[in-house]
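Me: I would like a close look at one part of this predicted model rather than a tour of the whole chain. Please take your time over it, and keep to what the coordinates support.

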Amino acid sequence: MSIFVPESPGLLLAANSTFSTMLKQILAKLPRKSSKSNQNCSDGSNATTDLTNNGGFTNTCNVISTRLNVVKKMSSSIFPTSNGDMIQPHIQFKDVQNSEKPRLLISKLNLCSVTYDFNDQDKDDAEKDQKRQVLVEILDFLVSDSVKLTEPAMSAICKTCGDNLFREFPPKYSNSPRGETEDDDPWFDPAWSHLQLVYEILLRFVSLSSLDPKIAKQYIDHPFLLRLLNLFDSEDPRERDCLKSVLHRIYGKFMVHRPFIRMSVSNVIYRFVFETEKHNGIAELLEIFGSVISGFALPLKKEHKMFLSRVLIPLHKPKSVGTYHHQLTYCVVQFIEKEPKLTSVVINGLLKYWPVMSSQKQLMFLSELEELLELIRTDEFEKIMVPLFRRIRSCLDSYHFQVAERAHFLWNNEHIHHLIMCNRQVIMPIVFSSLQHNSKNHWNRTVLNLAQNVLKMFNEVDEQLVLSCQSKFEEDKSVTVMVAERRRLTWEHLETAAANASVLEGSTTAASTCVVSC
């Protein structure tokens with residue numbers, strides 16, 4: 001690059017004077033790092049004085065070059081270049097200074113962002129072992145209580161976790177939901193040796209006491225949470241268990257994300273109940289919400305009540321309810337304990353989705369019903385007792401002895417027994433015919449004895465009511481016999497009339513044939 005030099009000596013002197021003044025102002029603002037730098041500064045000042053007195057332009061260029069070298073050295077020490085000063089990921093954390101550990105962490109995380117094919121166990125063995133070792137080192141580093149992450153480190157952790165965890169699952173060839181057949185074996189991801197460590201790193205990251213949610217929410221954002229929720233459909237139970245811990249910790253740490261998480265989980269359940277009826281992680285999601293519901297403030301918000309009526313109650317509908325019924329019952333009970341007046345809403349929902357053909361689902365519903373009736377108040381019980389005991393009567397009449405047995409066991413519960421006896425004038429006429437039939441004619445001896453015991457309980461409390469129901473039962477029985485006899489006679493009359501009509505039609509046909517032939 002050429003430098004323009006004025007030809008006139010006067011112009012040269014003026015230019016040099018102005019330039020030297022500007023140079024002094026710039027050099028005065030630069031920090032003095034060492035004695036060597038101070039010496040350079042003094043040399044520069046002398047050179048500038050000589051330049052002003054003698055008009056030599058060459059010394060000025062030398063001063064500028066010297067100063068630029070000093071500035072370059074200082075800037076390189078503060079802002080290292082990415083190529084020359086890059087920390088190798090294979091270095092141990094103990095071998096670097098504390099100020100260099102964040103950069104080393106990012107370097108190791110970048111190395112672990114590479115994924116490998118575990119379907120071929122003999123491929124990339126060395127790289128897989130190396131990555132696993134680095135993941136262990138990262139986890140050990142994060143376990144330290146004194147660790148404080150920079151924003152680039154937070155971004156690198158979320159990126160590495162996403163690169164390793166967010167993936168497409170293999171297609172499902174089974175047409176039945178998980179848990180429908182007892183012979184189904186769980187599927188285990190062959191990459192679990194790496195995935196487990198990544199999940200532990202993510203869990204430790206969101207559990208750090210020094211983590212500021214206001215900063216970390218930029219990286220654990222809504223798209224990240226949606227892709228995390230999609231992983232709950234994994235067929236590997238170990239992965240779903242890790243996801244349960246991670247999502248629960250995120251829900252507790254990031255209050256700003258709580259409404260979005262509840263809405264997203266609701267959407268997952270809507271799709272499961274009303275569209276696919278296939279999902280592997282419903283039990284784990286409900287287990288998370290069991291603890292979430294227990295933390296709801298009173299009075300319950302409208303949003304929370306809608307979650308009960310639109311999400312939890314319809315979950316009784318799918319065929320695979322047995323795989324998550326325990327967690328579902330726990331969530332429902334948590335709502336009832338928070339607000340007892342919701343009991344009638346839940347029981348009406350149970351009656352709406354009550355199974356008719358599946359005896360196993362009937363047993364589950366009866367067990368849940370008993371837990372709800374233990375918490376119900378008298379005024380709420382009176383609202384639903386008529387439709388409820390009509391359904392219980394159908395269970396008493398069941399030919400499946402376990403269903404009938406479980407329905408009779410309701411009278412053994414002290415609280416339910418008290419509610420029934422307080423409302424015996426309404427309940428006794430509904431169930432008496434079934435109890436009477438089972439006490440005399442049921443094929444299973446246990447059910448027969450239970451029915452006799454229930455009738456004995458009613459007889460001890462209100463013998464007059466039992467006699468009244470007995471007479472009504474006999475009267476209805478005689479009416480039923482009369483109706484059956486009348487129906488039998490009607491069918492006999494119809495059959496006779498049909499037979500006579502066919503004979504008459506045959507003779508008419510023969511006569512017409514004879515006339516035609518003649």
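In which helix does Asp 241 lie? Please start from there and work outwards through the surroundings of that helix.

Reply: Asp 241 lies in helix H10, and since this is a predicted model, everything that follows describes computed geometry. As a setting, the protein chain contains 22 helices and zero strands, and 40% of its 518 residues count as buried. Among contacts between residues at least 6 apart in sequence, 73% join residues at least 24 apart, and the surroundings of H10 offer several pairings across the sequence.

Asp 241 itself is partly exposed, because its relative accessibility is 40% and the partly exposed class runs from 20% to 50%. Its C-alpha atom is separated by 9.3 Å from that of Gly 281, although the two residues are 40 positions apart along the chain.

Just before the helix comes Asp 236, which belongs to the loop between helix H9 (222-230) and helix H10 (237-253). With a relative accessibility of 0%, Asp 236 counts as buried, because the limit for that class is under 20%. Its side chain reaches the backbone nitrogen of Asp 189 at 2.9 Å. Leaving aside residues up to four places away in sequence, Asp 236 touches Trp 187, Phe 188, Asp 189 and Trp 192. The polar approach to Asp 189 is thus accompanied by contacts with the two tryptophans and the phenylalanine in that list.

Within H10, Glu 239 is the residue to follow next. It forms a salt bridge with Arg 167, in which the closest N and O atoms are 2.7 Å apart. Arg 167 sits in the loop between H6 and H7 while Glu 239 is in helix H10, so this pair ties together parts that are 72 residues apart in sequence. The two partners belong to opposite sides of the burial cut-off: Glu 239 is buried, at 0% relative accessibility, whereas Arg 167 is partly exposed, at 25%.

Arg 167 and Asp 189 also belong to the surroundings of a pocket. The second largest pocket has a volume of about 330 Å³. It is lined by 19 residues, and those closest to its centre are Tyr 116, Phe 118, Arg 167, Asp 189 and Ala 191. Helix H6 (151-165) and helix H7 (192-207) are the elements that give two or more residues to this lining. Sorted by class, the lining consists of nine nonpolar, four polar and six charged residues. Arg 167 is therefore both a residue close to the pocket centre and the salt-bridge partner of Glu 239 in H10, and Asp 189 is both close to that centre and reached through its backbone nitrogen by the side chain of Asp 236.

For comparison, a salt bridge within one helix can be set beside this one. Glu 492 pairs with Arg 488, with the closest N and O atoms 2.5 Å apart. Both lie in helix H22 (residues 463-517), and because they are four residues apart there, they are separated by about one helical turn. Glu 492 is partly exposed, with a relative accessible area of 37%, and Arg 488 is likewise partly exposed, with 38%. Around H10, by contrast, salt bridges that share partners join Arg 167, Asp 189 and Glu 239 into one network. Asp 189 thus appears in that network as well as among the contacts of Asp 236.

The chain has 19 salt bridges in total, and another of them is the pair Glu 100 and Arg 103, whose closest N and O atoms are 2.2 Å apart. Here Glu 100 is partly exposed, with a relative accessible area of 25%, and Arg 103 is also partly exposed, at 32%; in the H10 pair, as said above, Glu 239 is buried.

Two backbone features in loops further along the chain from H10 complete the view. Glu 277, in the loop between helix H11 (258-276) and H12, has a phi near 55°, a positive value in a residue other than glycine. It counts as partly exposed, at 23% relative accessibility. Further on, a cis peptide bond joins Leu 298 and Pro 299, with omega at about -5°, and Pro 299 is found in the loop between helix H12 (282-294) and helix H13 (302-312).

Methods
Residues are numbered from 1 along each chain as its sequence is written. This is a predicted model: local features need pLDDT of at least 70, side-chain atom pairs count only at pLDDT 80 or more; totals for chains, interfaces and linings use all residues. Side-chain values use heavy atoms; hydrogens and water are left out. On a 1 Å grid over the protein atoms alone, a cavity is a set of points where a 1.4 Å probe fits but cannot get out, and a pocket is an open set with protein on both sides within 12 Å along at least five of seven lines; lining residues have an atom within 4 Å of a point. Grid points are joined across faces, edges and corners, and a volume is the space filled by probe spheres set on the points. Ala, Val, Leu, Ile, Met, Phe, Trp, Tyr, Cys and Pro count as nonpolar, Asp, Glu, Lys and Arg as charged, and the others, Gly among them, as polar. Buried means under 20% relative accessible area, exposed over 50%, partly exposed in between (1.4 Å probe, protein chains only). A polar contact is a pair of N or O atoms within 3.5 Å; within protein, one must be able to donate a hydrogen and the other to accept it, and residues adjacent in sequence count only if both atoms are side-chain atoms. Contact means heavy atoms within 4.5 Å. A salt bridge is a side-chain nitrogen of Lys or Arg within 4 Å of a carboxyl oxygen of Asp or Glu.
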